[in-house]
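Q: Could you walk me through this one? I'd like to begin with how the chains meet and then move on to some individual side chains.

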Amino acid sequence: MSWVLSLPLLIPFGAAVLAFLLKDRPSGAWVSVLGSGAMLIASIVLMVNVLAEGVIAGQMGGWPAPFGITLVSDLLSAVMVVITAITALAVSIYALADVRPRIAGLGYHALFQVLIAGVAGAFLTGDLFNLYVWFEVMLIASFGLLVMGGSREQIDGGVKYVALNLISTILFLTGIGILYGMTGTLNMADLAVTVPEVENQAMVTVVAMMFMVAFGVKAAVFPLFFWLPAAYHTPAFSTSAVFAGLLTKVGVYALIRMFTLVFVGDISFTHEVLLWVACFTMVTGVLGAAAQNDFRKILSFHIVSQIGYMILGLALMTPLAILGAVFYLVHHIIVKANLFLVAGVASRIAGDTALKKIGGLYAFAPLLAVLFLIPAFSLAGFPPLSGFWAKFLLVRAALEDGHGFVAFVALAVGALTIFSMTKIWAEAFWTPHPEGKEPRLSQLDAATRWSLLLPIAGLAVLTCIVGLFPEPFVQFAERAAGQLLEPTEYIETVLGARP
Amino acid sequence: MSDGAHFLFLIALLPFVGALVPGVMIRAGRTACASFTAVPTALALILLMTFAPAVLRGEVIQAEIEWLPQLGLSASFFLDGLGFLFATMILGVGLLITLYARFYLSGDDPMGQFYTYLLLFQGAMLGIVISDNILLLLIFWELTSLSSFLLIGYWKHLPEGRQGARMALAVTGSGGLAMIGGMLILGNIVGSYNLTDILAAGDLIRASDWYLPALILILLGAFTKSAQFPFHFWLPHAMAAPTPVSAYLHSATMVKAGVFLMARMWPALAGTDAWFYIVGTTGLITMVLGALIALFKDDLKALLAFSTVSHLGLLTMLLGFGTEAAAVAAVFHIINHLTFKAALFMTAGIVDHEAHTRDIKRLGGLRHLMPVTFVIGTIAALSMAGIPFFNGFLSKEMMLEEASHTKWLDSYYVVPVLATLGALLSVAYSFRFIAHVFLGPVRDDYPHKPHDPPFGMWAAPALLTVLVLLIGILPAVAEPIVTAAASAVTGADLHPHLKIWHGVTPALYMSILAILGGAVLLAIHAPLDRAWIKAPRPEAKTIFDGLVAALAAFARTITEGVHNGAISRYLAIFTVASVGLGAVAFAGGGLSERTRELLPIPPVIAVGWLMLIVATVSVVLMHRARFRALVLIGIIGLSISAGFAYLSAPDLALTQISVETVTIMLLLLALHFLPKETPRESPMGLKLRDGLIAIAAGGGVGGLVYAFLLRDIDTISDYHIANSYEGGGGTNVVNVILVDFRGYDTYGEIIVLGIAGLIIYALMQALLEGPAARRLRNVDYSQDRSRDRHPLMMVVVTRLLMPIAIMVGIYIFLRGHNQPGGGFVAGLVIAIALLMQYMASGFAWTQARQRIEYHAMIGFGVVIAGLTGAGAWVFGLPFLTSGYTYVHLPPIEEFELATAMLFDLGVFLTVLGAVMLMLYSLSRIARYAGSADVNVEAMDYDPSERQSDAEEAR
């Protein structure tokens, strides 16, 4: 099973090296596209395997768990890898036209692939320290992508981004060290076995909090989300799309993994904290969005708010809630990345992302308007798009668990989300362009148009499919949630597997 | 499922499928577009009519397919009297609107879009009324909000249209969300989301603790949609939409969705005090208030909008009464209101279209110019006023009759008096509509000379007025449908008799009073109007805008408060969060007995430890002087290395020393281009706060470490030590962990290092192309700089050291698997040797002798390490599985060859490449910044020149 598990990671690495060698030629960008395509195939193979055989694990270097490093994939990991590959493919096609040759010449596509590899690595690892390594890979690659271009704004955002994330990874590393000091192991499945046996459970909870804060920074939850809005609106659009789609979700994934597998000893405390964090994240995020007047900034704050919903699912910890969180995670990646891609096209033809400076997109680029409308209203939770199901599941989970107030918050935040989405719609799409420009898609040459719009359309179609035929996806999320809440299979597969 | 029930799916789908038609047909011309838009609607209507006999007999038609069974959602539809009534209204008026819009929209308006949205809306609305699953109903409910948003904002160039659309969506969308909550609670109580089940479980629902929350949430949805007080304000603003939209959505269908919902839920929710007081009272207030405002509106559409609000209030009130007779009246009034109000809206649209104004004060006398329109408008308005022989009279009488014997709290008067007042106001504004638009003298200052529109435009309202008269004179024609619908609402078998004359009843007196009073009000309208304009009154729009602005301001305060751009604040919040959560988590939990004793501390170690502490504190205190801080950091690093060595970790010590050296050297180079001091500090108070936070955090982590160090545990490292030689072929367990046990980690880490090198390069590249390069060139370094770039001694020594250092590097590399060392350290050692060449002999000199590009070196490193790992697949082993063998070549002793070594080579190359690339990047700045008057080549410096320079200077 080893190669099934390592390919989704090694393919982007390979693509990165190749893209780097070809960085001064247009073919470098195509390598990135091909690499993402190959990764998608590999991840689908992985998914098929997991669906057929349940949790699969592979021991790197042939050392038995918990002594070596284990790669492991349950349904959650598998779906995250698939969605990562989909996003990578979409964004790499988009990047063909979005990334200027000068930036590409600095190794943009290589870094992009490294980032994807890091994300996939984080989803597939079964080892805590290894997770840290992938965090570092992601961090360094994302920093590179963020500051590429070297404008003052970018560097300012990049420095904040890297400083806060470094601090959080240091906290993560400290947590790993202390946890190792208490349990003597790094393997997550092994930790699930040994952590409950630790005598000093209070210390375990302290470490759990360290992980919560460290992952919380990554996931951009309240009150640790500052770096996100500071950084996400500055780089190339393809960069912000892949960031928005994937990076915070790695933090959410790590939270879900650790707080369903390892830190489940004191749920009444840890998950209560998560519940409050979720509520505050939802509210502050959407309020932040309400205060913004820039296409990308509004979207950035929405990420924060949406993360709150996923955390909410984890915090409630019921089967339906975890199901909702998984569903939300997948839906959100597709939709959010897509919105940033749309913002890129809008900025390209209308000239800016500040809402006051653009307009007329509905009249002159109706296709783009439709392509915006789908992810935007999906994000806002309108049926029958994917976001409706995601919100619906979580609200229902909250109500069934007796958390009426939380359900109320979730719904109220939904209303505010609608409101700020309509702000973008009204100002960028309906209002005539302030300078009387006619932002038409035909301004772009055919190749550019295709490479920008194809991924957007593809992701939009995906959103509609998930929305109209939610059953298989909900069923899948249900199975995934089952595996998370009943981790015996996971633990046995990891610890029992011998090469 | 009865025969043909599956046609229900077809009915529900037709509008959605049809929504694709206009987009295609618009190229065939406007008439063709409109005709083809009518086809799906007409088809659906015909299909619906095939069910008419069965439904009117009281049968319920059901059809179901699974959609999302896990969540209790199925695509199930049912058609009973109520659904049939609404579906007929939606499709019937839909046809009329299609016809009307064909003539109403101008050539500049994108007609295809209009019809697409219209059909989408129609489908959503139809879905609401025939859903048999409340989740499905919710979906359609939200869809109507969405499609109406697009329709209201159809004239996107109008700011009022955009604002009205956003306001409508914000209000109705939020209401919809509340309803989601309510429906979910309802589903929880009943255990099913099937409407049929829920309607049958009324007693269970009303007895539940969750009844009130569910009721309130569902009513929020209904009230927002049906524009009930205090949510009525969006409806008048939605009138910025084209008139066909107003006629269709905002009088005939969408706003009735809330009323429909209350009627639909009647068996499940009605019959309690809560229902009566919430629904009944809201309806009553809305009815009176709406009518009052309508009387003073000069915009024809605004008048009609508020009149609609008022009539919706009337319907709500009737449903709120909770009696069967009231339900019959409500159902009947739904039909009547539809006919006259849609006709009135279309009339208003015609007037607007022809006279180019809707301002009542600029109109009047149109009966001579537009006789057809006059007749249509008058008939409809008289019905709205509730004059006998028009259908509005019948249902209004029934309403007054019900009101006359309804007790509110302990009062028998509140409801009848207010109901009469509402009716009176209604008469007044209806008369005003007739009198001030059509009667009076012909004016000569219309913005556009009006005349009757083409037949196509007045056909639709004319047809509706025929219905008005037909029902008004022969009420029995409406009896079957009213019977079926009212029975469906109440769940009882009702047989109402609709007739004009009920005898001398209280309602008759109330009616007469209303008509007379209304006539009087119209007579004194002018002075009243002046008083109204002067009187201060709360504008709902202003309040709403104020709320939105307040929200935005609040949001901005919050956001900017925590998000002010200062990184120190972010770090403080981060640290406080970590420490606080950790402290709360630990609070109360004790610790077990410790199992280890502290070791004695030798004096030398104590001194080293002290040095470490002093150096650390000094860095904090002296960080403003960057150079000094760097020196101190060096001391810290060395102390830590010494600590590693003392604690028997030679590998770590070796690594730490070389990392330390390289870092400090690179930092030194970088420091050159930075200001000598850091920027101004924060004030003392802030420093104190940050200091306390930092101490708490450091203390916390220290305490945790101290706690676990004193307690024994089993770790996986025992296994590593035991298997290092056997399995990994090396006696140096640290190296075996790095390249074998956890080679996968190392693989990731070398990539991090490589990328870091590339990024520094890329960043520098970008900087040097930007304005920073110009600044660099202009920096004046001449003051405190040696004139000799390449001190002779240093050049000689470094060149001598070079081969030795490389030897050492290779040695460290080779022994790594068994003795302290390895690829990482070796890479750093060789990097240091090369670094020194750069420093001593200069960038150009060294670069000229550099054969391998650093970028490539990093690439090769990663590729070699990766391929080594992947090579294991060839043997069917997992990624990174290592193998080793012992080789004996005659001249030298037997030695070991391990694949791990190859992996280590990858590490070596990457480390070397990355470090050198960083140096290269820094040197590039130096070249920009360098002044031309110093020697470029190493060792071509003649000290005597310096002498003469100095003399010259003197």
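Q: How many residues does the contact take from chain A and from chain B?
A: Bear in mind that this is a predicted model. In it, the contact takes 119 residues from chain A and 103 residues from chain B.

Q: And what area is buried between the two, and what share do carbon and sulfur atoms give?
A: The area buried between chain A and chain B is about 9,900 Å², and carbon and sulfur atoms give 78% of that. On the side of chain A, the residues that lose the most area to chain B are A:W63, A:F67 and A:W430, which together make up 9% of what that side buries.

Q: How many salt bridges does the rule find across that interface?
A: Across the interface of chain A and chain B the rule finds 1 salt bridge, and the side chains that meet in a salt bridge there are A:D127 and B:R742, at 2.4 Å from N to O.

Q: What about polar contacts, how many residue pairs are there?
A: The rule finds 11 residue pairs in polar contact across the interface of chain A and chain B, counting pairs with both residues at pLDDT 80 or more.

Q: Which helix of chain A gives the most to the side that touches chain B?
A: That is helix 7 of chain A, residues 152–183, which gives 15 residues to the side touching chain B. Taken as a whole, that side of chain A divides into 82 nonpolar, 27 polar and 10 charged residues.

Q: Switching to aromatics, how many pairs does the structure hold?
A: Over all chains the structure holds 51 aromatic pairs. One of them joins A:W425 and A:W430 in an edge-to-face arrangement, with 5.9 Å centre to centre and 65 degrees between the planes.

Q: Are A:W425 and A:W430 buried or exposed?
A: A:W425 is buried, with a relative accessible area of 1%, and A:W430 also counts as buried, at 2% relative accessibility. Both belong to one aromatic cluster, whose members include A:F295, A:Y362, A:F429 and, from chain B, B:F149.

Q: Different topic: where is B:S76 found?
A: B:S76 is found in strand 2 of chain B, residues 73–79, and at 1% relative accessibility B:S76 counts as buried. Leaving aside residues up to four places away in sequence, B:S76 touches several others, among them B:E64, B:D132, B:N133 and B:N194.

Q: Back to charges, how many salt bridges are there over all chains?
A: The structure holds 19 salt bridges over all chains. In one of them the side chains of B:D298 and B:K361 meet at 2.7 Å, N to O. B:D298 lies in the loop between helix 16 and helix 17 of chain B, while B:K361 lies in the loop between helix 18 and helix 19, so the pair ties together parts that are 63 residues apart in sequence. B:K361 counts as partly exposed, at 43% relative accessibility.

Q: And what does the salt bridge of B:D298 and B:R432 tie together?
A: The side chains of B:D298 and B:R432 meet in a salt bridge at 2.8 Å, N to O. Because B:R432 lies in helix 22 of chain B, residues 414–437, and B:D298 in the loop between helix 16 and helix 17, this pair ties together parts that are 134 residues apart in sequence. B:R432 is buried, with a relative accessible area of 1%.

Q: How accessible are B:R689 and B:D690?
A: The side chains of B:R689 and B:D690 meet in a salt bridge at 2.9 Å, N to O. Each counts as partly exposed, B:R689 at 38% relative accessibility and B:D690 at 24%.

Q: Which residues are joined into one network by salt bridges that share partners?
A: Those are B:D298, B:K361, B:R432 and B:D529.

Conventions. Residues are numbered from 1 along each chain as its sequence is written. Chains are lettered from A and ligands numbered from 1 in the order in which they are written. This is a predicted model: local features need pLDDT of at least 70, side-chain atom pairs count only at pLDDT 80 or more; totals for chains, interfaces and linings use all residues. Side-chain values use heavy atoms; hydrogens and water are left out. Contact means heavy atoms within 4.5 Å. Buried area is the accessible area (1.4 Å probe) that two parts lose on being put together, summed over both. A salt bridge is a side-chain nitrogen of Lys or Arg within 4 Å of a carboxyl oxygen of Asp or Glu. A polar contact is a pair of N or O atoms within 3.5 Å; within protein, one must be able to donate a hydrogen and the other to accept it, and residues adjacent in sequence count only if both atoms are side-chain atoms. Helices (H or I, at least four residues) and strands (E, at least two) are DSSP runs, numbered from the N terminus. Ala, Val, Leu, Ile, Met, Phe, Trp, Tyr, Cys and Pro count as nonpolar, Asp, Glu, Lys and Arg as charged, and the others, Gly among them, as polar. Rings of Phe, Tyr and Trp (its six-membered ring) pair if their centres lie within 6.5 Å; planes under 30 degrees apart count as stacked, over 60 as edge-to-face and the rest as tilted. Buried means under 20% relative accessible area, exposed over 50%, partly exposed in between (1.4 Å probe, protein chains only).
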